[in-house]
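Q: I have a sequence and a 3D structure in front of me, and I would like to learn how to read their features one at a time. Could we go through them together?

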Amino acid sequence: MFVHSSLSSCGHFVAGPEGVLDVFSEFCDTLCLPTHTYCYPESPDTPGPVFDGRTTASLVGRLTEIFRKRHGVLRSIHATHSLAASGKLARELCANHYHYDTPCGSGTPYTRLIENRAAVLMFGVDFAYYTLFHTAECEADSSYAFLPGGKVWLRVIDESGQQRDCWSRRQNFLAPRFDQVGHFLERAGLVRRTSLGNSTLLFVPDASKVHHCLLEHLKTQPDFLRTSCSFDL
């Protein structure tokens with residue numbers, strides 16, 4: 001199960017963040033959370049900050065930072081879009097992330113989640129934070145998937161402790177998209193919704209079904225995931 005989270009939006013949890021993670025683990029063989037760091041270069045001619053999976057902090061929520069530090073949790077090596085995992089498939093999911101030239105595309109942990117038909121839980125957040133939209137855009141060769149200008153120079157510490165230079169396409173953060181797609185997916189019967197505290201849980205039982213649905217629409221409507229589009233079933 002892949003979890004995007006915002007504890008603060010839901011309210012106070014008596015058991016604290018560790019208790020929330022314990023409950024997640026009870027309901028899946030492998031638990032995954034994003035630990036994105038966005039270690040991008042300041043300019044095209046300079047390298048990005050060095051990413052070290054052991055010490056570089058996650059920038060996508062308190063729960064993700066606590067999770068990556070837990071005993072037995074593995075973290076993929078990637079300067080911008082790393083993922084942390086524990087459980088049965090953790091090593092398989094996290095392997096060789098920095099070898100690929102897209103953060104979320106073919107060969108990355110995110111395609112492996114789809115191949116393994118992972119569930120996805122949006123815990124107090126909406127579908128604007130659904131990382132696997134990037135995976136669909138990449139596979140569909142969407143013109144909105146990446147920023148123009150070629151690849152950027154990233155740096156990571158690899159499994160042996162050596163610094164490596166990596167070149168990767170940069171996700172497009174300029175084109176507004178994703179915000180309304182969750183409602184479309186709910187109407188298509190691919191998402192379940194329930195309330196929790198002050199917020200909402202959105203549950204995707206099978207990410208592969210969402211992925212294939214998106215690909216079908218992207219074939220005929222390349223800008224399908226943009227906020228300005230209409231989402232008709």
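**Reading pockets, helices, strands and loops**

A: Let us begin with empty space, keeping in mind that this is a predicted model. Rolling a probe the size of a water molecule over the atoms shows where empty space is left. In this structure, the second largest pocket holds about 420 Å³ of space, and the residues closest to its centre, among the 18 that line it, are L74, R75, S76, I77 and E159.

Q: Which elements supply residues to the lining of the second largest pocket, and how do the residues of that lining divide into nonpolar, polar and charged?

A: Strand β4 (74–75) and helix α4 (90–94) each supply at least two residues of the lining. By character, the lining of the second largest pocket divides into seven nonpolar, four polar and seven charged residues.

Q: What volume does the largest pocket have, and which residues are the closest to its centre?

A: The volume of the largest pocket is about 560 Å³, and of the 27 residues that line it, H36, Y38, A128, Y129 and H134 are the closest to its centre. Strand β1 (residues 2–5) gives the most to this lining, with three residues, and the lining as a whole is made up of 13 nonpolar, eleven polar and three charged residues.

Q: Where does strand β1 pair, and are its faces covered or open?

A: Strands of a sheet pair through backbone hydrogen bonds, either parallel or antiparallel. Here β1 and β6 run parallel and are joined by four bridges, with F2 having V120 as its bridge partner in β6. Both faces of β1 are covered, since F2 and H4 on one side are buried, and V3 and S5 on the other side are buried as well.

Q: How should I read a sheet of several strands, and in what order do the strands stand here?

A: It helps to follow the order of the strands and then to look at the edges. Three strands form an open sheet in the order β3-β7-β8, with mixed pairing. Because β3 and β8 (163–168) stand at the edges with a single partner strand each, one side of each is left without a neighbour in the sheet. Strand β7 (residues 152–157) and β8 run antiparallel and are joined by six bridges; among the facing residues, I157 stands opposite Q163 in β8, and V152 stands opposite S168 in β8. These two strands, β7 and β8, form a hairpin with five residues between them, and G161 in the turn has a positive phi of about 90°.

Q: Which residues other than glycine have a positive phi?

A: Most residues other than glycine have a negative phi, and most peptide bonds are trans. One case of a positive value is Y38, with a phi near 55°, which is found in the loop between β2 and β3 (50–51). Its relative accessibility is 37%, so Y38 counts as partly exposed. Another case is R117, which has a positive phi of about 55° although it is not a glycine. R117 lies in the loop between α5 (109–115) and β6, and R117 is exposed, with a relative accessible area of 52%.

Q: Is A79 buried or exposed, and which residues is A79 in contact with beyond its neighbours in sequence?

A: A79 lies in the loop between β4 and β5 (83–87), and A79 is buried, with a relative accessible area of 2%. Leaving aside neighbours within four places in sequence, A79 is in contact with T37, Y38, C39, F51, L154, R155 and V156.

Q: How do I read a helix, and which residues of α2 are buried?

A: An α-helix has 3.6 residues a turn, so residues three or four places apart point the same way. In helix α2 (residues 16–26), the buried residues are G16, P17, G19, V20, L21 and F24, and what covers them includes β1, α1 (7–10), β2 (30–34), α3 (62–68) and β6 (120–123).

Q: What span should helix α8 have, and which of its residues are buried?

A: At 1.5 Å a residue, the 14 residues of helix α8 (residues 207–220) should span 20 Å, and the end C-alpha atoms are 21 Å apart, which agrees. The buried residues of α8 are A207, S208, V210, H211, C213, L214, L215 and L218, and their cover includes α5, β6, α6 (132–139), α7 (181–187) and β10 (199–204).

Technical notes
Residues numbered from 1 in each chain as written. Predicted model: local features only at pLDDT ≥ 70, side-chain atom pairs only at ≥ 80, totals over all residues. Heavy atoms only, no water. 1 Å grid on protein atoms, 1.4 Å probe; cavity = no way out; pocket = protein on both sides within 12 Å on 5 of 7 lines; lining within 4 Å. Points joined across faces, edges and corners; volume = space filled by probe spheres on them. Nonpolar A, V, L, I, M, F, W, Y, C, P; charged D, E, K, R; others polar. Buried < 20%, exposed > 50% of the residue type's maximum accessible area, 1.4 Å probe, protein only. Contact = heavy atoms within 4.5 Å. Expected span 1.5 Å × (residues − 1). Pairing = 2+ DSSP bridges.
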